[in-house]
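Please open the model in your viewer and keep the selection panel at hand. The stops below proceed from one selection to the next.

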Amino acid sequence: MMGFELEEIDHVAIAVRDLDAAAAWYEAVLGARVTHRERIEPDGVEEALIKVAGSYVQLLTPTRDDSPVAKFLERRGEGLHHVGYRVSDCAAALEAVMASGSAVIDERPRPGSRGTTVAFLHPKDAFGTLIELVEEQPAGRH
Ligand code: CO
């Protein structure tokens, strides 16, 4: 027993160079609708969220050169950046992952966009994919 459950795919994040162009493409070609836009200054990113059933596609672009997403675009180009899984308790899930010995980026949960609480796991132990645990509640509310 893991002690926590991945409840849903919260979002799939895609790194793009031009957020307006990417959002316009999703709207024009796939009939998608951007429902939320937000700059997350501590992470140096701006996001455009497209709702797909109970999940999101998160188009992500850097707001400054030293943003991790800017470095990602430089190294790997545009494309899949990370997968966010919804959990009911981010702190508990993160603790269980750390107890397993798998590498994490965030050793404690922190605020994400949309008022969520998030923590990133390191891709080196996750077969090359950056993983984010997402709780739909602000940090410290339970
Ligand atoms: Co994310």
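In this predicted model, begin with the lining of the largest pocket, which by class comprises 15 nonpolar, nine polar and nine charged residues. The lining amounts to 33 residues, and the space in this pocket is about 600 Å³. To centre the view, select V69, H81, H82, F120 and L130, the lining residues that lie nearest the centre of the pocket.

Next, colour the elements that contribute to this lining. At least two residues each come from β3 (45–52), β4 (55–62), α2 (68–76), β5 (79–86), β6 (110–111), β7 (117–121) and β8 (130–135). Which element supplies the largest share of the lining? Select α2: six residues of the lining belong to this helix, the largest share.

Keep H82 selected and add the cobalt ion. H82 binds through NE2, as does H11, while E132 supplies OE; these protein donors lie 1.9 to 2.1 Å from the cobalt ion. Along the chain, the donors follow the spacing H-x70-H-x49-E. H82 in strand β5 and E132 in strand β8 are 50 residues apart, and the pair links distant parts of the chain.

Now display the strands as a cartoon and trace the sheet. Eight strands form an open sheet of mixed pairing, in the order β2-β3-β4-β1-β5-β8-β7-β6. At the edges are β2 (34–40) and β6, each of which pairs on one side only.

Start from the β2 edge. β2 and β3 run antiparallel and are paired over six bridges; select E38 to find its bridge partner E47 in β3. Four residues separate the two strands of this hairpin, and G44 in the turn has a positive phi of about 65°. Moving on to β4, one finds an antiparallel pairing with β3 over eight bridges. Select A48 here, and L59 in β4 appears opposite.

Continue to the strands that carry H82 and E132, namely β5 and β8. In which sense do β1 and β5 run, parallel or antiparallel? The two strands are antiparallel and are joined by seven bridges. For an example, select I9, whose bridge partner in β5 is Y85. By contrast, β5 and β8 run parallel, with five bridges joining them. Select V83 to see I131 of β8 standing opposite.

Add the helices next. Helix α1 (residues 19–30) lies across β1 (8–15), β2, β3 and β4, and runs at about 150° to β4. Helix α3 lies across β7 and β8, with an angle of about 15° to β7.

With α3 in view, turn to the second largest pocket. Both α3 (90–100) and β8 supply at least two residues of its lining. Its volume is about 240 Å³. Select F4, V97, S102, L121 and I131, which lie nearest the centre of this pocket among its 14 lining residues. I131 was met earlier as the residue opposite V83. How many charged residues does this lining contain? There is one, alongside ten nonpolar and three polar residues.

For a final view, show the two pockets together with β8. This strand supplies at least two lining residues to the largest pocket and at least two to the second largest pocket. The metal donor E132 also lies in β8.

Methods. Residues numbered from 1 in each chain as written. Predicted model: local features only at pLDDT ≥ 70, side-chain atom pairs only at ≥ 80, totals over all residues. Heavy atoms only, no water. 1 Å grid on protein atoms, 1.4 Å probe; cavity = no way out; pocket = protein on both sides within 12 Å on 5 of 7 lines; lining within 4 Å. Points joined across faces, edges and corners; volume = space filled by probe spheres on them. Nonpolar A, V, L, I, M, F, W, Y, C, P; charged D, E, K, R; others polar. Pairing = 2+ DSSP bridges. Contact = heavy atoms within 4.5 Å. Axes fitted to C-alpha atoms, helices over the stretch in contact; angles between N-to-C directions. Donors = N, O, S within 2.8 Å, 3.2 Å for Na, K, Ca; no water.
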